[in-house]
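Thanks for making time this morning. I would like to walk you through one structure, slowly, and I will begin at a single residue before widening the view.

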Amino acid sequence: TGLEPAAACSYRVVLREAGGAGGVVSREHTFTTLPVEPATIRFGWLSCHEQSGQSHPFDVYNALVDHGVDFIVNVGDFHYNDSQPAQPYPGNRFEIMDSIRDVYLDLPYAAAARRVPMFIMLDDHDVWSNNAGPTWANSDALLPEHGNVTASFLWHEGLAAWEFFFRRAMLNTATDTASFRSWETARTLFILLDTRSYARRAQGTMLGLEQREWLLDLLASTDKQNLVIFSPSVWGDVQDFRDNWEGGGFHTSFHAERELIHDAIQQSAALRAIILSGDRHCSLIHTRLAPDKLLFEACAGPASNNVLTQYSPEDAVLPGVVFCTTDGADFPPVASPPEYAHMGGRVVLDEVTGTITVEIIDADDGRVLGSYTPGVTVIPSPDINGDGFVNFQDLNAVLGAWGQQGAGIPADVNGDGSVD
């Protein structure tokens, strides 16, 4: 409290025994408070950056900081407790917590954390094994990769780590405080959802009843012109998976909850809204959202060259979809292990004009791999000849223009300036 808006601040952390004097003093950390007057807000978001086989995975934070961001949001899978660094993976609450603490010592991450605020939400890799379901709570199945503890034991130890460490050290919430949150600038409401902390399938909800009511009330009461919603789970029908809002195409209760939120956005005072998601191992931008106010969804994650399992060719040809890779072309398919391109997302939001630009940043060299501005950038359609079908005639048009470079080429399906 008591901080001035749009002001540079610095602080140090002192670690000492309870009631003791002196202590260990950290190096200086800095951050800049957000403005209260309409301004240009720049922020980053990412997920799933610590993949097996990736080198220096935390460089993506510094790449975003170097481009200029006021804060960074990690929307899940911050640290892979079920695949890092080697078997046996953490099998109890103390090993889970120690594994996360090691991340804090990673030099690129620490360097970024000293310069900008971080908002972190956790996902399934962070606390449990990937996609562990509620049946784990009472399962006696052994998990050799976690040192032969039972699924039930790991489930409850993960909950303990969540309550006694993750909430306090990473989410900055007490055990009796919700993990989801919101914050504001002059004309923008930022909302960070928690889509993993609930028995979703049993309740037929991604959010849980408490969080859903909070979100609907928030949308009904806001007077902000811009809505930025961070969702750990993919929102739309692109890169669909069983634990996303699309629910694998069969969990219709997720769809009903999503429609409630769509209606609340449409009826709110906001003029425009965007969804920023994670979890899927790709970076993409799409405009396949129904409400008029929802401009686009962008997902920021590492792009895999294992296109057979982590990149959907069917989704790539949907109208209004652009996938980003390191060079604008698909990676060659491999079976195992997949290799990943380090990627993060950055948004530039001008609160005066209402202009929103999303960028996908390459962590290795800082290149902007792709960008999109509603009303300015046109997302190309794979239906090149405009006959309403994506078929061999469109493929022939691509092959006929193969190798051409420049802006506005109809056969440039992903809009990167090159037909390749």
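Just after helix H1, Gly68 takes a positive phi of about 100 degrees, and I should say at once that what you are looking at is a predicted model. If we step back from that glycine into H1, which spans residues 59-67, we find that Val60, Tyr61, Asn62, Ala63, Leu64 and Val65 are buried. What covers the buried residues of H1? The cover includes strands S5, S6, S7, S19 and S20, together with helix H3, residues 107-113.

That brings us to the sheet itself, where six strands lie in the order S7-S6-S5-S19-S20-S21, forming an open sheet with mixed pairing. Its edge strands are S7, residues 118-120, and S21, residues 368-372, each of which pairs on one side only, and from one strand to the next the twist averages 20 degrees. Helix H1 packs on this sheet, touching S5, S6, S7, S19, S20 and S21, and its direction makes about 25 degrees with that of S19.

Towards the S21 edge, strand S20, residues 355-362, pairs with S21 in the antiparallel sense over four bridges; to give one pair of residues, Ile360 has Gly370 in S21 as its bridge partner.

Finally, please turn to the surface, where Phe392, Leu395, Leu399 and Trp402 make a nonpolar patch of about 480 Å². Phe392 is found in helix H11, residues 392-400, and it counts as exposed because its relative accessible area is 64%, where the cut-off for exposed is over 50%.

Methods:
Residues numbered from 1 in each chain as written. Predicted model: local features only at pLDDT ≥ 70, side-chain atom pairs only at ≥ 80, totals over all residues. Heavy atoms only, no water. Pairing = 2+ DSSP bridges. Helix = DSSP H or I, 4+ residues; strand = E, 2+ residues; numbered from the N terminus. Axes fitted to C-alpha atoms, helices over the stretch in contact; angles between N-to-C directions. Contact = heavy atoms within 4.5 Å. Patch = residues over 30% accessible without salt bridge, like charges linked within 9 Å, V, L, I, M, F, W, Y side chains within 5 Å. Areas by Shrake-Rupley, 256 points an atom, 1.4 Å probe, with all protein chains shown as cover. Salt bridge = Lys/Arg side-chain N within 4 Å of Asp/Glu carboxyl O. Buried < 20%, exposed > 50% of the residue type's maximum accessible area, 1.4 Å probe, protein only.
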